[in-house]
Amino acid sequence: MATINIRGLEAIDDPAYRYKMPKIIGKVEGRGNGIKTRIVNITELATSLHRDPGEVCKFFGCELGAQTKWVEEEEKALVNGAHSDNDLQQMVFRYCQAFVLCPNCRLPETDYKIKSETIWHKCMACGAKEMVDMQHKLTTYILGNVKKAKLAEKAKKKKEEKKKKKKKSKDDDEEDQDMDDSSEKKKEKKDKKKKKKKDKKRESGSENEDGSGSGSEEDAAAAGAAAGLGGLSVEDQSAFDTGVESVRRFLASPGWDTPLLMEELRVAQTLSSFPAHFRVHLLVAAAFAEGPVGAAEVAARAADLRAAHNGNPILARHMIGAFELLCARRRPELKPLLPAILKFCFDEDVLEEELILEWAEDEGRTEYSPEGVSAEELAEMKALCAPLVTWLEEAEDEDDSEGEEEEEDEEG
């Protein structure tokens, strides 16, 4: 299949240009009032543009003022009327110009980001965030598709939760039965444990009288000191602080960019012998080591923060953990500001809505919780974030209800 450059209204003559798409192939079917043009390679075309085939098909309808039909099961796209391949190709170029190419760097490396019923281009190549032409009719279709996807995902989650609850209820019933059967054995074990504890207390009491049991207080003090350092050993904390200072010096130096910063984080993490997710901890600790942490400061570091987790939800959860550690240990004065910091991260597309809500729903410590921050402190910070969580949930429910109303209108 012949390929051409992915471009907008202006031709690209660069022989090294690597972004390609197949030439569109249309096939006229039927006759008279029932004549239609089938887009034979709509799926391949949409895949090369990283867009939904139904969206590309709908664009033809918007431009031509004609009815379109996309049948996903058959991968069939139909446009009413007879249209030549050349006319359709020109419309593909117009589609790329408006909905695929980054307005800043003109590369087809964009994804959609939707907030408050507004669609934005988010470029993976240059990091730019630009709004699409919201006057175009296609935007209504895109927003509707996103709402339908959210509703489907929410229904799937509810179904899975219902299934889990049913299974848990069944397991609890079986466990209760087992507990009843083994109650006598447990009682015996409990009595034995009590007896052992009493014996140990007697032995330890005699040792303390001889002056041989004084080390426990020193151990407790050492443990408390480690907790004050974020749960790391003295050596690890020193290595972490060294890494943070190295990143801070790098951020203060002139002429760096985000890719170079990512390499600096990788080197600092490797030299400190920490796991890979400590890169986000190093960045957060270095970028917000001093001074205010407001909307302007988060916006200034947004591209770096996004690059640090690169869309990986696990690393993004560790980034929330890094902010927890920053507010609980490194800069306790920021603890009341954690809700605002997370809100700024949400506004700058650093943290997704679903991720923040997932974090808020977790009880106690998780694998993403930083060492040295207790479950009580985590609960305190989550309580501070309750208004933010409520706001996010209400915004999500509002989107879902609008989506349901649109579906009812379509069915009616």
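Me: Happy to look at this predicted model with you. Which exposed residues does the face of α14 turned away from its buried side carry?
Reply: Let's start from the covered side of this helix, residues 375-384, where the buried residues are Glu377, Leu378, Met381 and Lys382. Seen down the axis of α14, these fall within an arc of 135°, so they line one face of the helix. The face turned away from them carries the exposed residues Glu376 and Ala383.

Me: Nice. Which side chain meets Glu380 in a salt bridge?
Reply: Glu380 lies in helix α14 and counts as partly exposed, at 40% relative accessibility. The nitrogen and oxygen of the pair are 3.5 Å apart, and the other side chain belongs to Lys335.

Me: How many residues apart in sequence are the parts that this pair ties together?
Reply: Lys335 counts as buried, because its relative accessibility of 15% is under the 20% cut-off. Lys335 lies in the loop between α11 (313-330) and α12 (338-347), while Glu380 is in helix α14, so the parts tied together are 45 residues apart.

Me: How far apart are the closest N and O atoms of Lys343 and Asp347?
Reply: Both residues are in helix α12, 4 residues apart, so about one helical turn separates them. As for cover, Lys343 is partly exposed with a relative accessible area of 25%, and Asp347 is partly exposed with 30%. They form a salt bridge in which the closest N and O atoms are apart by 2.8 Å.

Me: And which residue forms a salt bridge with Arg365?
Reply: Arg365 is partly exposed, with a relative accessible area of 35%. The closest N and O atoms of its salt bridge are 3.8 Å apart, and the partner is Glu371.

Me: How many salt bridges does a search of the whole structure find?
Reply: Among them are the pair Lys343 and Asp347 and the pair Arg365 and Glu371. Salt bridges that share partners also join Lys115, Lys129 and Asp349 into one network. For the whole structure, the search gives 20.

Me: Let's turn to strands. What is the bridge partner of Ile114 in β8?
Reply: Strand β7 (residues 110-115) and β8 run antiparallel and are joined by 6 bridges. The two form a hairpin with 2 residues between them, and Ser116 in the turn has a positive phi of about 55°. Across this pairing, the β8 partner of Ile114 is Ile119.

Me: Which residue takes a positive phi in the hairpin of β8 and β9?
Reply: β8 and strand β9 (residues 129-131) run antiparallel, with 3 bridges joining them. In this pairing Lys122 stands opposite Lys129. The hairpin has 5 residues between the strands, and the one with a positive phi, near 85°, is Gly127.

Me: Which are the edge strands of the open sheet?
Reply: This sheet has 4 strands in the order β3-β4-β6-β5, with antiparallel pairing. An edge strand pairs on one side only, and that singles out β3 and β5.

Me: Which residue of β6 does Thr68 stand opposite?
Reply: β5 is joined to strand β6 (residues 76-80) by 4 bridges, and the two run antiparallel. Opposite Thr68, in β6, stands Val79.

Me: One last thing: what is the area of the nonpolar surface patch that Ile25 helps make?
Reply: Ile25 is placed in the loop between β2 (20-22) and β3 (26-29). At 34% relative accessibility it counts as partly exposed. Together with Met1 and Val40, Ile25 makes a nonpolar patch of about 280 Å².

Key:
Residues numbered from 1 in each chain as written. Predicted model: local features only at pLDDT ≥ 70, side-chain atom pairs only at ≥ 80, totals over all residues. Heavy atoms only, no water. Buried < 20%, exposed > 50% of the residue type's maximum accessible area, 1.4 Å probe, protein only. Arc of directions from axis to C-beta. Patch = residues over 30% accessible without salt bridge, like charges linked within 9 Å, V, L, I, M, F, W, Y side chains within 5 Å. Areas by Shrake-Rupley, 256 points an atom, 1.4 Å probe, with all protein chains shown as cover. Salt bridge = Lys/Arg side-chain N within 4 Å of Asp/Glu carboxyl O. Pairing = 2+ DSSP bridges.
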